[in-house]
Amino acid sequence: MASFEDELRSALRRREPPQDFTERVLARVAAAPVRSATRMSQPWVRWVAAIAAALLLAVGSLEYRHYQGERAKSQILLAVRIAGGKLNKAQKKVQMVTHRSNS
Amino acid sequence: MPPRAPAPSAASAFDFASLVRRHQAMVFSIAWHLLRDRAVAEELAQDVFLSLHQHLAEMESAEHVLFWLRRVTSNRALDVARRRQRRPMVSLESAPEPVAVTPTGDPLLGTALKKLVAALPEKARAIVVLRYQEDLDPAEIARVLGIPVGTVKSQLQRALALLREKLSRVVGQASGPVPGKE
C-alpha cells in the first residue's frame, strides 16, 4: 500500500490544461500591446537611472544648502547694516550731549 | 520528480510557444490546486504566461524561467485565494476534474485528500502543493514563497499532521487504516 505522502503526491499530480491553452495564450500575446519600456527593463539602464537620480539629488541638496547660506549671509548683513545705523544715531546723540555739556 | 527544462544559453534562445507548452501543466496545476476553480485557474495561468512574455528579456536561464513561473503563479493564486476568502465556488463533487496525466493511487483516497488540501489555510495549501506537486524541498519552497525555511518546515509538518488526522476520520473507519499510519 502506498504511503500517505505517495497518496498526497498522486492526488496533487500535475494536470494538463485544456488542449487549446497554448493557442489561447499566444492569441492573447499577439493581441497585447507591445511594451515600449523594454529598454528600461535592462538592469544597466536601471542602474544608470538610479545613479543619475542620486547625483541629481546630491547636486540639488548642495544647491539648496548654498542658497540657504547666501540667504543667511544677506540677513546677517542687513542686520549689521540696521545695527550700524542705530549705532551711528546713538553716537551722534552722545556727541551732541557731550558738546552741549562742554559749552 | 517533475521534468526539468533544458537550459538555453540566453534569453534570446527562448521560444515562447515551446516555453508555454513545457510549463503549462505546472502553472495550471499550481493554480488549480490552490484555487480549486478550473476557469479561474486557467485565466490565472494565461495571465502568468502573458506576464512571462513581457519579462522574457530578463530571463537568464531555463531554471530562472521555472523559478519565476512557480513564484509568480503561487503568489498570484494566493492573492486570488485571499481576495475570495471563501471556499471553492463549485463543490469538488460537481467540479469537472481536469485531465490527469498519469492516474495512480486510490481514487477515493485521492478525492478525500484533494478536499482536505483544499480546506487548508492558503499559505499551508501553497506549501503542500509545492512540496507534493512540484517535489520542491523546504528551502526551494521558502525561496518561491519568500518566507523563512523554518516557517515552511513548521507549516508543512502541521499541515501533514492535520491532513493525516482528518483523513483518518474521513476514510479511516470505512476503509481500514490510513496509509503510512499502520
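**Group meeting: a core and its helices**

Hi everyone, let me start right in the middle, with the largest nonpolar core, which has 48 residues; the members touching the most other members are Val27(B), Ala31(B), Leu34(B), Ala45(B), Val48(B), Leu113(B) and Val129(B). The top contributor is helix α1 of chain B, residues 16-35, which gives eleven residues to this core. Domain 1 (8-91) and domain 2 (104-176) of chain B both supply residues, so the core lies between them. Before I go on, please keep in mind that this is a predicted model.

Let's pick one of those well-connected residues. What does Ala31(B) touch, once we leave out residues up to four places away in sequence? Its partners are Ala41(B), Leu44(B), Ala45(B), Thr73(B) and Ala77(B).

Some of those names come back when we turn to helix packing. In chain B, helix α2 (residues 38-54) and helix α3 (residues 62-84) have axes that come within 10 Å and cross at roughly 135°. The two helices, α2(B) and α3(B), are therefore oblique to each other. The crossing of α2(B) past α3(B) is right-handed. On the α2(B) side, the contact is made by Val40(B), Leu44(B), Val48(B), Ser51(B) and Leu52(B). Facing them from α3(B) are Trp68(B), Leu69(B), Val72(B), Thr73(B), Arg76(B), Ala77(B) and Val80(B). So that you can place them: Leu44(B), Thr73(B) and Ala77(B) are among the residues that Ala31(B) touches.

Now a stop at helix α5 of chain B, residues 122-132. Why can we call α5 of chain B largely enclosed by the rest of the structure? Because eight of its eleven residues are buried. If you'd like to find them on screen, they are Arg125(B), Ala126(B), Ile127(B), Val128(B), Val129(B), Leu130(B), Arg131(B) and Tyr132(B). Val129(B) should sound familiar from the core.

And what about chain A? Chain A has three helices and zero strands, and from the N terminus its elements run α-α-α. Of its 103 residues, 10% count as buried.

Chain A does meet our helix α1(B), though. Helix α2 of chain A, residues 21-31, packs with α1(B) at an angle of about 135°, the axes being 10 Å apart. That makes α2(A) oblique to α1(B), and α2(A) passes α1(B) in a right-handed crossing. From α2(A), the contact uses Phe21(A), Thr22(A), Val25(A) and Leu26(A); from α1(B), Ala17(B), Val20(B), Arg21(B) and Gln24(B).

To finish where we began: α1(B) packs with α2(A), and α1(B) also gives the most to the core. Thanks, everyone!

Terms used
Residues numbered from 1 in each chain as written. Chains lettered and ligands numbered in written order. Predicted model: local features only at pLDDT ≥ 70, side-chain atom pairs only at ≥ 80, totals over all residues. Core = buried A, V, L, I, M, F, W, Y, C linked by C-beta atoms within 7 Å. Buried ≥ 20, exposed ≤ 12 C-beta atoms within 10 Å, placed from the backbone. Helix = DSSP H or I, 4+ residues; strand = E, 2+ residues; numbered from the N terminus. Domains from an automatic or database assignment. Contact = placed C-beta atoms within 7 Å. Axes fitted to C-alpha atoms, helices over the stretch in contact; angles between N-to-C directions. Parallel < 35°, antiparallel > 145°, perpendicular 65-115°, else oblique. Left-handed = near helix turned anticlockwise from the far one by under 90°.
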